[in-house]
Amino acid sequence: MVLQLRPASPSDADHIATIHLAAFNTNPLLHAQFPTPASLAALHTILAQETLHAIQNRQDAKAILVVRDTELEGGEEEQVIGFAKWDLPRKEGEEKVVLHEGVTWHEDCRTEWLDRYHDLAEEAMERVLGGGRCYRLTFVGTLPEHQGRGVGSMLSKWGVEKANVDNLPVYLESTIAASSLYRRLGFVALDGLSMVLPGNGPDGGQNIYEEVGMLKTPEDSDMDRWDSSLNISSLMLDYDAGIKPQHVIQAVYDRIEAYKSIQPSVWIHLQPLGEVMRAANELYTKWPDANNRPPLWGVPFSVKDSINIANIPTTTGCPALAFTPNVSAPVYQHCIDAGALFIGKTNMEQLATGMTGCRSAYGTLHSTFSKSHIVGGSSSGSAVSVSEGLVSFSLGSDTAGSIRVPALFNGLVGFKPTKGTVSARGVSPACLHHDCVSFLTTNIADAERVWDVCRGFDEGDFFAKLPSQIRIPPQTQKQSQQQLRFRFGVPPASALEICSPTYRKMFAQIIASIEKHGGELVEIDWIPFQAANELLYNSSFVLERMTIFPEGWFEANKQLLHPVTREVFESVVDRAKTTSAVDVFRDLHKQVEYVRKVRGILTLEEEVEKGVDEITVLVVPTTPWHPTIREVEGDPVAINGRLGAFAHFGNVLDLVGVAVPSGRYKVDGEGGEGKVELPIGITVLAGMGFDRELLRLVGGWEDWLDDLDGEVDGL
């Protein structure tokens with residue numbers, strides 16, 4: 001084959017228009033703009049006329065190139081297999097060429113889509129270049145039967161070489177599918193655009209069209225690619241070294257695309273890449289001073305799909321109850337205002353009804369450590385997105401353990417703050433009195449950073465604690481210098497019998513290590529913890545679950561729910577038949593009694609000695625064991641209840657808790673997996689308002705805690 005790159009000649013104009021329509025035939029934007037055969041035929045004529053005019057009269061402003069295959073039969077026009085249109089750098093004072101100036105469009109043409117795309121593309125270019133001079137690749141197309149022969153690369157490299165000589169950048173817009181070609185040529189995505197087109201997308205949802213604005217500068221840089229850790233502290237060091245948020249976002253979306261082959265149902269909504277690129281680029285406009293960036297600047301995050309984000313459906317894992325809010329939840333907005341980059345909304349256990357992760361209309365996920373073991377829930381997709389390095393952190397909620405349990409099963413930190421200290425407004429409830437917005441991260445420092453951004457009194461959250469009710473001091477140098485001594489209690493042996501032998505043995509090893517590292521093991525009264533655990537779902541409190549439904553909705557629509565979800569709510573309806581208002585008040589009285597007792601157990605004593613504070617905490621296994629998906633399918637309700645043996649009392653008793661990885665152990669996998677290594681972990685709980693002290697305490701354990709490994713195979 002002999003491919004020749006040449007300037008286009010006037011006789012090529014009609015053939016170039018033909019290639020243009022053939023190359024872009026699968027582009028949904030083209031068919032939104034020109035929806036009928038007549039409008040496409042008219043477009044062909046217009047393209048041919050504009051191309052001819054540019055070839056004859058605008059050589060100083062545009063360059064139109066073609067690639068010919070000289071071995072093809074026919075005349076020179078038939079040998080053209082690809083073309084490119086370049087806008088050349090404007091001279092000083094030269095006016096910008098107006099696209100399609102003076103064109104009369106066919107009556108079927110949807111000019112609103114033409115104008116909208118043009119405006120979005122020009123705005124993206126302006127954000128990237130600020131009006132500076134550049135070479136701009138506006139179109140490149142190859143006949144479909146000749147794609148894969150390097151034609152696009154030849155046409156693109158022409159402008160790159162010209163730009164290098166003139167020491168100017170090259171800019172282009174690319175579809176997501178084509179962007180990999182340009183990345184191989186050294187282009188970097190720095191901005192983007194997206195449009196919701198008519199009709200449905202391939203998955204039946206919105207028909208979203210997106211492009212990225214890409215730039216190549218004359219000087220090569222080692223900082224044009226990134227593929228490293230998303231730990232926030234590590235990410236900030238990379239930014240300080242010159243990595244751009246756009247590099248990180250490109251890597252994040254590459255990882256997301258690759259992970260779809262392993263678990264395709266992590267995301268219920270994935271933000272268009274073009275939109276995230278635009279947001280990443282705008283970070284520089286919002287915070288131009290690199291020394292004064294907010295704490296989450298450029299940090300990618302996901303959101304459990306029970307948390308409202310304006311103009312994006314909230315499904316709570318239940319399509320039948322999905323709605324599109326007009327206002328975002330404050331906890332989400334706090335992250336955006338602190339510079340974080342929203343990636344998407346994650347899969348979850350339907351209506352936050354369980355802790356297995358096996359009740360979703362969008363597909364069942366598995367642990368990131370084993371395809372046969374459960375992921376945990378209800379913040380299941382959130383846990384996968386953080387564990388697999390797709391985001392730095394995730395916003396979720398924890399009523400009965402819905403952050404702590406998936407944190408354990410995916411090797412993460414799950415931080416459940418004191419209830420009512422992070423706004424739950426705009427979060428779909430499970431049990432409103434006991435819901436708590438919580439966080440999934442890879443380490444304690446990241447959890448504290450995100451919590452500091454999100455916490456604070458919200459008058460619109462009627463369950464928020466008043467500032468006078470809560471003691472959460474800011475992080476100060478004096479506080480960090482104060483020595484924190486700790487005592488800790490554990491469940492009695494009788495309570496631990498619910499655990500698997502492996503979990504019991506490893507929990508004993510963990511407790512011995514905590515003692516070795518300065519903890520004083522003390523005996524505590526387990527009765528109020530055990531009693532409070534029963535209150536959440538085995539008392540009248542469970543009736544609060546029914547308040548999430550509109551009046552009469554459940555009886556009329558329960559067939560639309562996941563079968564296990566329906567079973568759970570039917571049992572609540574049955575309980576309501578034998579429960580009175582007197583029962584509710586009696587249970588409320590019990591709760592107050594248990595809370596008062598526990599506040600006398602999990603204490604913080606300041607200045608027990610000069611410069612020394614002393615905190616008493618509770619250390620528990622996060623769950624009794626790690627079940628397989630097959631086990632849960634055999635007995636979903638009972639296993640879910642057993643998983644909460646050390647988790648359900650957390651919010652009933654108004655405690656703060658953090659689940660942390662504490663080593664790994666090996667078990668036999670299923671379905672040919674062979675031996676798999678699973679994470680194990682503990683949850684450490686402290687009294688209401690002792691969030692800062694708890695994070696400081698457990699943060700000091702991380703270096704040695706996750707190095708613990710089981711000496712026996714899992715049972």
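## Exercise 1. Helix H11 and its surroundings

**Task.** Find which elements cover the buried residues of H11, then list those buried residues.

**Solution.**
1. Start with the cover. The buried residues of H11 are covered by elements that include strands E9 (300-304), E10 (341-346), E11 (393-397) and E13 (437-441), together with helix H14 (444-454).
2. Now go to the helix. H11 runs over residues 330-337, and its buried residues are Pro 330, Val 331, Tyr 332, Cys 335 and Ile 336.
3. Look just past the helix. Gly 339 follows just after H11 and takes a positive phi of about 95°.

The model used here and below is predicted.

## Exercise 2. The overall picture

**Task.** Describe the fold by its element counts, its radius of gyration and its burial.

**Solution.**
1. Count the elements. The protein has 26 helices and 19 strands.
2. Check the radius of gyration. A compact globule of 715 residues would have a value near 27 Å; the protein has 30 Å, which agrees.
3. Take the extents. The C-alpha trace spans about 90 × 60 × 55 Å along the principal axes.
4. Add burial. Of the 715 residues, 56% count as buried.
5. Turn to contacts. Among those with a separation of 6 or more, 76% join residues 24 or more positions apart.
6. Look at the surface. About 30000 Å² is exposed, and carbon and sulfur atoms supply 50% of it.
7. Finish with charge. There are 62 positive and 93 negative side chains. The centres of the two sets lie 4 Å apart.

## Exercise 3. Cysteines without partners

**Task.** How many disulfides does the model contain? Explain the result for Cys 499.

**Solution.**
1. Recall the chemistry. A disulfide is a covalent bond between the sulfur atoms of two cysteines.
2. Set the cut-off. The two sulfur atoms must lie within 2.5 Å.
3. Apply the cut-off. The count comes to 0 disulfides.
4. Take Cys 318. This residue is in no disulfide; the nearest cysteine sulfur belongs to Cys 431 and is 16 Å away.
5. Check its burial. Cys 318 has a relative accessible area of 0%, so Cys 318 is buried.
6. Take Cys 499. The closest cysteine sulfur is in Cys 358, 20 Å away, which is too far for a bond.
7. Check burial again. Cys 499 has 4% relative accessibility and therefore counts as buried.

## Exercise 4. Two residues and their contacts

**Task.** Place Thr 315 and Leu 193 in the fold. Then list what Thr 315 touches and what Leu 193 touches.

**Solution.**
1. Locate Thr 315. This residue lies in the loop between E9 and H11.
2. Judge its exposure. Buried means under 20% relative accessible area. Thr 315 has 5%, so Thr 315 is buried.
3. List its contacts. Leaving out residues up to four places away in sequence, Thr 315 touches Ile 268, Asp 305, Ala 322 and Tyr 362.
4. Locate Leu 193. This residue is in strand E6, residues 188-200.
5. Judge its exposure. Leu 193 is at 3% relative accessibility, so Leu 193 counts as buried.
6. List its contacts, with the sequence exclusion of up to four places. Leu 193 touches Tyr 117, Leu 120, Ala 121, Tyr 209, Glu 210, Glu 211, Gly 274 and Glu 275.
7. Add one distance. Leu 193 and Thr 175 are 18 residues apart along the chain, and their C-alpha atoms are separated by 10.0 Å.

## Exercise 5. A covered helix

**Task.** How many of the 9 residues of H25 are buried, and which are they?

**Solution.**
1. Count. Helix H25 covers residues 691-699, and 7 of its 9 residues are buried. The helix is mostly covered.
2. Name the buried residues. They are Asp 691, Arg 692, Glu 693, Leu 694, Leu 695, Leu 697 and Val 698.

## Exercise 6. Backbone exceptions

**Task.** Where do Asn 311 and Asp 654 lie, and is each buried or exposed? Which residues does the cis peptide bond join?

**Solution.**
1. Know the background. Most residues other than glycine have a negative phi, and most peptide bonds are trans.
2. Take Asn 311. This residue is not a glycine, yet its phi is positive, about 70°. Asn 311 is found in the loop between E9 and H11. Its relative accessible area is 59%, so Asn 311 is exposed.
3. Take Asp 654. Its phi is positive too, about 60°, although Asp 654 is not a glycine. Asp 654 is found in the loop between helix H24 (649-652) and strand E18 (656-668). Its relative accessible area is 9%, so Asp 654 is buried.
4. Take the peptide bond. Gly 377 and Ser 378 are joined in cis, with omega about 10°. Ser 378 lies in the loop between E10 and helix H12 (380-387).

Conventions
Residues are numbered from 1 along each chain as its sequence is written. This is a predicted model: local features need pLDDT of at least 70, side-chain atom pairs count only at pLDDT 80 or more; totals for chains, interfaces and linings use all residues. Side-chain values use heavy atoms; hydrogens and water are left out. Helices (H or I, at least four residues) and strands (E, at least two) are DSSP runs, numbered from the N terminus. The radius of gyration is taken over C-alpha atoms; the globule rule is 2.2 Å times the number of residues to the power 0.38. Buried means under 20% relative accessible area, exposed over 50%, partly exposed in between (1.4 Å probe, protein chains only). Contact means heavy atoms within 4.5 Å. Accessible areas come from the Shrake-Rupley method with a 1.4 Å probe; for residues, only the protein chains shown count as cover. Lys and Arg count as positive and Asp and Glu as negative; His and the chain ends are not counted. The place of a charge is taken as NZ of Lys, CZ of Arg, CG of Asp or CD of Glu.
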